[in-house]
Structure formats: structure tokens, C-alpha cells
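Here is a short briefing for a first look. Keep the sequence and the 3D view side by side while reading.

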Amino acid sequence: MRLQQSHFINEIERIPEYRYFGRVTAVLGLLVEVGGVERLLSIGGRCTIVARAGRRVPCEVVGFRQGRALLMPLGGLDGIGLGCKAEVTEGGPEVFPDESWLGRVVNALGEPIDGKGPLLNGKVGIPIRNNPPPAHSRRRVGEKIDLGVRAMNTFLSCCRGQRMGIFAGSGVGKSVLMSMLARYMSVDVNVIGLIGERGREVQEFITEDLGEDGMARSVVVVATSDEAPLMRRQSAYMTMSIAEYFRDRGKNVMCMMDSVTRFAMAQREIGLSAGEPPTTKGYPPTTFAELPRLLERAGPGVGEGNITGLFTVLVDGDDHNEPIADAVRGILDGHIVMERAIGERGRYPAINILRSVSRTMPGCNTDRENALVGRARRLLSAYNDMAEMIRLGAYRRGSDPLVDEAIEYNPAIEAFLKQGKRERTDMATGYAQLAEILGEPWP
């Protein structure tokens with residue numbers, strides 16, 4: 001009871017002493033033009049438009065034109081017309097997370113959408129568009145982290161505070177891989193952002209893929225594909241802000257975002273509506289400016305906490321060099337490439353080990369681990385180079401000892417890389433299994 005009274009008092013203290021109001025002067029496409037309060041607003045500022053029948057629509061300032069503020073709504077434009085009142089929101093947008101948010105599902109505004117009642121707000125506000133910690137103050141990445149997926153534990157070792165990208169086309173299995181990592185990874189808290197997700201798949205992911213155990217230590221932020229572009233973009237910012245709250249309390253946080261591509265698409269809609277010029281594939285310049293601002297917020301903090309980031313990238317037409325994939329790959333600390341051809345032959349997770357990179361390797365491994373992984377990679381590479389000739393029967397045994405060895409070990413290595421979504425393999429077991437396959441003494 002005392003805790004609830006404290007939160008109630010905090011809410012009262014946040015009520016402003018006075019308010020400013022303007023009026024809607026025009027509506028064009030996704031933009032709402034507001035006059036009378038333009039000198040009180042700035043880019044990123046907030047207004048709430050009181051639509052017909054009293055419906056309140058939060059909006060964000062995205063530009064100015066001819067002495068008027070240009071706003072985009074975080075909801076639908078239904079009911080908004082000329083003369084509607086626009087109420088200026090004091091201060092920048094913030095969220096007030098709390099430990100009690102674990103196990104809950106919220107929208108891009110930090111409001112509960114799981115039917116479990118209201119959320120308790122914390123005392124400290126985290127800006128929605130927060131700045132990353134200063135580069136000179138951040139700690140280095142920590143020790144290796146157990147991911148529970150043996151292909152990644154062995155070939156793509158990841159450290160606490162590292163940021164990795166999962167690059168895949170549609171239907172290749174990145175969401176299933178993300179759910180495996182959320183269940184099995186050894187972290188304190190999961191913060192999962194489902195951005196532009198299909199509405200049908202949200203409940204499926206929460207109940208089946210994540211499960212009760214995974215959900216108990218998670219906060220899920222959801223913005224479905226039918227929501228306004230500002231809501232889809234803000235869901236990414238909201239995900240990072242909640243992760244920063246737990247990081248600042250010394251927690252090891254896993255921040256997962258599915259997907260960065262839909263965040264970029266939402267920013268494209270916003271930028272083009274505000275009059276920005278289109279560049280590569282129609283993306284305006286702000287898209288490529290916002291990507292590092294978002295992704296750099298993950299990583300080690302200045303205290304004890306970390307945000308280990310896993311960000312999925314939906315590659316357009318299975319082209320792993322399309323603009324968003326290329327930009328994100330240059331920002332992150334490694335990339336996991338999933339290929340449709342691997343999935344089509346029944347090996348999941350469909351990770352292409354040879355095209356995937358973890359930038360903390362080999363520094364985070366022991367010499368024996370690096371030697372073991374290096375040998376396995378050489379065998380995979382040798383088989384991959386000659387795969388077409390082997391399938392056609394054109395390769396003759398004895399022509400190359402390395403290729404002969406690769407042919408011998410390839411079925412066992414492929415079976416090692418295959419893993420069911422309900423199957424967990426810890427780091428030590430993964431190395432022991434790989435050593436056994438290659439006939440290496442271990443440990």
C-alpha cells in the first residue's frame with residue numbers, strides 16, 4: 001500500500017502547473033499543421049490533439065513550414081479536423097520503468113497491452129531518445145556469454161555488452177532463433193522489441209516461443225505493422241530506454257529488436273512525409289543518421305550493467321548488401337548471416353558460419369578453443385569450395401587431402417550445427433561435442 005501511495009504521489013508531482021494550446025490549421029496526408037504555439041515547440045517535441053468526440057491523439061513535431069509546426073500522429077487521423085485544439089506537452093518524452101514491469105507487454109508509449117492491469121511507474125524518467133554513454137567512459141565488453149545455441153557458442157562467441165546483428169530474409173527463421181536466445185541466454189533481464197510485427201505472431205511468440213520462464217524475466221515492447229510510423233519508430237526507442245533502466249541498476253540485459261529494418265522503414269515514411277529528399281532505395285538521409293543513434297545505445301555502460309544487443313535485419317530480396325543491411329553491419333560488433341538455401345535443406349538455425357563474424361573473436365577464446373574452431377572452419381570452407389563438384393561426382397578422392405578430410409567430417413559437422421528450438425546446449429558441451437567430432441582430445 002505504501003509503495004502504491006508513493007507512485008501515486010510521483011504521478012501528481014508530474015502534473016504541469018499550466019498548459020499551452022494551439023489549433024489545427026491544415027491536415028495533409030500524414031501531416032497535421034498546427035498554429036499558435038510554434039515558438040514553444042521544437043523537433044521531437046510533443047502535442048496532444050483533441051479530436052472530435054474528445055479523442056486525444058498524441059503527436060510529435062517533425063518539422064516547420066511557413067510559420068507553422070508540422071506534426072505526425074502516434075495514432076490514426078480519424079476525427080482530426082480544422083480548429084481542433086492542440087495541447088503542448090511540457091518537457092521531452094520520457095518513460096518511467098520499474099522492476100514490476102518484468103513479465104509485462106507494453107506498447108510504444110509504455111502503456112500495458114497485456115490485460116494484466118496498470119503498470120507502476122518508477123521515480124526516475126528515462127528519455128525516449130536518450131544519448132549513449134560517452135565513449136571514453138564506457139567499459140570494455142565483458143566475459144563470454146552462454147547463448148544456449150551451440151553454433152553461436154562455438155563459432156560466433158559473444159561477450160557481455162557486444163552488439164550482434166542477425167541478417168536474414170523473410171521466413172528463414174530469425175524469429176525462432178531470437179526466441180531460443182531469449183529462453184536460453186544467461187542474462188538477468190530480456191527487453192524484447194517487436195517492431196512492425198504481424199499481429200497474429202505477437203501472442204504466438206510470447207506464449208509458445210518465449211514461454212512462461214522466458215517471459216518472467218522479460219519486458220516485451222510491441223508495435224504491430226498496422227500502427228502509425230511514429231509508433232513503430234518509437235517502439236525501438238522505448239525498447240532501448242527500458243533496457244537502459246535495467247542496465248543502470250547493474251543488470252546484465254539482453255536487448256533484442258525485431259527488426260531494425262522496420263524501424264528504418266518507419267523513419268523513411270516519416271522523413272518523406274516531412275519533405276526530405278529520397279536517396280538510396282527511397283530512404284531519406286535521416287534514416288542513416290538515426291541508425292547509429294539507436295544502435296550505439298546498446299553495449300557496456302559506465303557502471304556494472306551491460307546491454308548485450310541482438311538486432312535482426314530483414315534483408316530485402318535476400319540481398320545482404322542492400323542499404324540498411326550494409327549500414328547496420330558497419331555499426332555493430334558482428335553479424336550472423338542466415339541463408340534460405342541452408343534452411344531449404346532442413347538445417348536450422350540456418351546460419352552460414354563462413355559468412356558470419358563475431359568481432360570479439362578470437363580474443364575472447366583460449367588458444368585451444370581457437371585452434372579447434374579454426375580447424376572446423378577450414379574443413380567447412382574446403383567443402384564449400386568444392387561442393388558443386390562433389391554433388392556432381394566430378395571430384396576424385398585423393399586429389400586434395402584437405403577436401404578428402406572435409407568430405408569425411410561434413411555430415412557430422414552439419415548435424416552439430418543443427419539444433420531444435422526446444423534444445424539447449426551450454427558452452428562447455430558445445431566445444432566438447434565439436435572436439436569429439438574432429439577427433440581432438442578435450443579438455
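Which residue of strand 14 does Val 105 stand opposite? Val 105 faces Val 220. The model shown is predicted. Strand 14 and its neighbours come up first below, followed by a pair of helices.

**Annotated domain**
- An unreviewed UniProt entry places the feature "domain: AAA+ ATPase" at residues 160-343.
- That span is 47% helix and 24% strand.
- Its end C-alpha atoms lie 29 Å apart.

**Strand 14 and its neighbours**
- Strand 14 covers residues 218-224, and 7 of the 7 are buried, so the strand is largely enclosed by the rest of the structure.
- Both faces are covered. Ser 218, Val 220, Val 222 and Thr 224 are buried on one side. Val 219, Val 221 and Ala 223 are buried on the other.
- Strand 8 (residues 104-106) runs parallel to strand 14, joined to it by 3 bridges.
- Strand 13 (residues 189-197) also pairs with strand 14 in the parallel sense, over 7 bridges.
- In that pairing, Ile 195 stands opposite Ala 223.
- Helix 4 (residues 199-216) joins strand 13 and strand 14 in a right-handed β-α-β unit.

**Helix 10 and helix 11**
- Helix 10 spans residues 367-392, and helix 11 spans residues 401-417.
- Their axes come within 8 Å and cross at roughly 100 degrees.
- Helix 10 and helix 11 are therefore roughly perpendicular to each other.
- Helix 10 contributes residues including Leu 379, Tyr 383 and Ile 390 to the contact.
- The helix 11 residues they meet include Leu 402, Ala 406, Tyr 409 and Ile 413.

Key: Residues numbered from 1 in each chain as written. Predicted model: local features only at pLDDT ≥ 70, side-chain atom pairs only at ≥ 80, totals over all residues. Heavy atoms only, no water. UniProt positions renumbered as here; feature names shortened; annotations may be inferred. Helix = DSSP H or I, 4+ residues; strand = E, 2+ residues; numbered from the N terminus. Buried < 20%, exposed > 50% of the residue type's maximum accessible area, 1.4 Å probe, protein only. Pairing = 2+ DSSP bridges. Right-handed = clockwise from strand over helix to strand, strands pointing away. Axes fitted to C-alpha atoms, helices over the stretch in contact; angles between N-to-C directions. Parallel < 35°, antiparallel > 145°, perpendicular 65-115°, else oblique. Contact = heavy atoms within 4.5 Å.
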